[in-house]
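Hi,

Here is the structure I promised to pass on. Have a look at it first, and then read my notes underneath.

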Amino acid sequence: MATTERKQVLRFADGGWTEAIGGHLALDLVNTVSWRPDPHRTVDRLSDAAALARWADFVGLHHAAVTERTVAEVRRLRERVHRVVQPLATGAEPAAADVAACRRLLLDAVGRAQVVSLMPVELTATSVYDELALAAWALLEREDARRLRQCRADDCGWLFLDRTKNASRVWCSSADCGNRDRARRHYARRTAEQQ
Ligand SMILES: [Zn+2]
């Protein structure tokens, strides 16, 4: 039997789950909203302080307790980052106002950060919020926008950095959206054959 890589999964009471598939902390943050393109299914996995603390632990952020205020701030940061990164992942240009709003949040966090090394500059944060904002800053500063992708499944909406050698990754997770797509196409083909 072939062994498959076992991915770390964070499961929720409603049967849903999230995976750290973004290839970058800032994208994993954006992906804490599932099924964004489908308003009937959209679910926010950072629903309260307990949920944020659990997710932060899942992605390896270990800081003092988060509050409901932290949740509101993190969610606002997440949406501002999404409005900049999602267009880039789909070959579009983010709106200037969205870029300005996002930049303001990120620069505030950079302003609070401590410099741990130079060339390249490494910054460190003292809160979950700042850590996530610095991650978003690092994403925009260091990563190649041409590698940003949105999962090919119409209803998924998750973003990731395609780090494959030949830039061939199209699914957030081939075990999830990739499989759903295969099942759908298989079903469509069988239905067509039976007609
Ligand atoms: Zn997907």
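Below is what I found, site by site.

One thing to keep in mind throughout: this is a predicted model.

**The zinc site**

I'd start with the metal. Four cysteines hold the zinc ion through their SG atoms: Cys-151, Cys-156, Cys-172 and Cys-177, at 2.3 to 2.4 Å. The angles among the 4 donor atoms run from 104 to 115°, and the site is tetrahedral. For reference, the ideal angle for four tetrahedral donors is 109.5 degrees. Along the sequence the spacing of the donor residues reads C-x4-C-x15-C-x4-C. Two of these donors bring distant parts of the chain together: Cys-156 comes from the loop between β7 (148–150) and β8 (159–161), and Cys-172 from the loop between β8 and α6 (174–194), with 16 residues separating them in sequence. Are they buried or exposed? Cys-156 has a relative accessible area of 4%, so it is buried. Cys-172 is buried too, at 3% relative accessibility.

UniProt has an unreviewed entry that lists residues 147–190 as "domain: Zinc finger CGNR". In the model that stretch is 39% helix and 14% strand, and its end C-alpha atoms sit 35 Å apart.

While you are in this part of the chain, look at Ala-167, in the loop between β8 and α6. Ala-167 is not a glycine, yet its phi is positive, at about 50°. Its relative accessibility is 35%, so Ala-167 counts as partly exposed.

**Salt bridges**

The structure has 15 salt bridges. Here are some that I'd click on.

Arg-36 and Glu-79 pair through their side chains, with N and O 2.8 Å apart. Arg-36 is in the loop between β3 and β4 (43–44), while Glu-79 belongs to helix α3 (residues 68–89); the two are 43 residues apart and link distant parts of the chain. Glu-79 is partly exposed, with 29% relative accessibility. There is also a wider arrangement here: Arg-36, Asp-44, Arg-75, Arg-78 and Glu-79 are joined into one network by salt bridges that share partners.

Another one involves Arg-41 and Asp-155, whose closest N and O atoms are 3.3 Å apart. Arg-41 is in the loop between β3 and β4 and Asp-155 in the loop between β7 and β8, so this pair ties together parts of the chain 114 residues apart in sequence. The two partners fall in separate burial classes: Arg-41 is partly exposed at 37%, whereas Asp-155 is buried at 16%.

Asp-144 and Arg-146 also form a salt bridge, at 3.1 Å from N to O. Asp-144 is partly exposed, with 30% relative accessibility, and Arg-146 is exposed at 68%.

**Around Thr-32**

Thr-32 is in the loop between α1 (25–30) and β3 (33–34). Its relative accessible area is 0%, so Thr-32 is buried. What does Thr-32 touch, leaving aside residues up to four places away in sequence? The contacts are Val-43, Asp-44, Arg-45, Leu-46, Trp-55 and Arg-78. Of these, Asp-44 and Arg-78 are also members of the salt-bridge network. Another member of that network, Arg-75, is 43 residues from Thr-32 in sequence, with 9.4 Å between their C-alpha atoms.

Trp-35 deserves a look as well. Trp-35 is in the loop between β3 and β4 and has a positive phi of about 55° without being a glycine. At 18% relative accessible area, Trp-35 is buried, the cut-off being under 20%.

**The β5–β6 hairpin**

Strands β5 (residues 114–117) and β6 (residues 122–124) pair in the antiparallel sense over 3 bridges. Gln-114 has Thr-124 in β6 as its bridge partner. Between the strands there are 4 residues, and Met-119 in this hairpin has a positive phi near 45°. Right after that, the peptide bond from Met-119 to Pro-120 is cis, with omega near -5°. Pro-120 itself is in the loop between β5 and β6. As a reminder, most residues other than glycine have a negative phi, and most peptide bonds are trans.

Over to you!

Key:
Residues are numbered from 1 along each chain as its sequence is written. This is a predicted model: local features need pLDDT of at least 70, side-chain atom pairs count only at pLDDT 80 or more; totals for chains, interfaces and linings use all residues. Side-chain values use heavy atoms; hydrogens and water are left out. Buried means under 20% relative accessible area, exposed over 50%, partly exposed in between (1.4 Å probe, protein chains only). Contact means heavy atoms within 4.5 Å. Donors are N, O and S atoms within 2.8 Å of the metal (3.2 Å for Na, K and Ca); water is not among the atoms, so sites may look incomplete. Four donors count as tetrahedral if all angles lie between 85 and 135 degrees; four count as square planar and six as octahedral if opposite donors are over 155 degrees apart and all others between 65 and 115; anything else is irregular. A salt bridge is a side-chain nitrogen of Lys or Arg within 4 Å of a carboxyl oxygen of Asp or Glu. UniProt positions are given in the numbering used here, feature names are shortened, and annotations may be inferred rather than shown by experiment. Two strands pair if DSSP finds at least two bridges between them.
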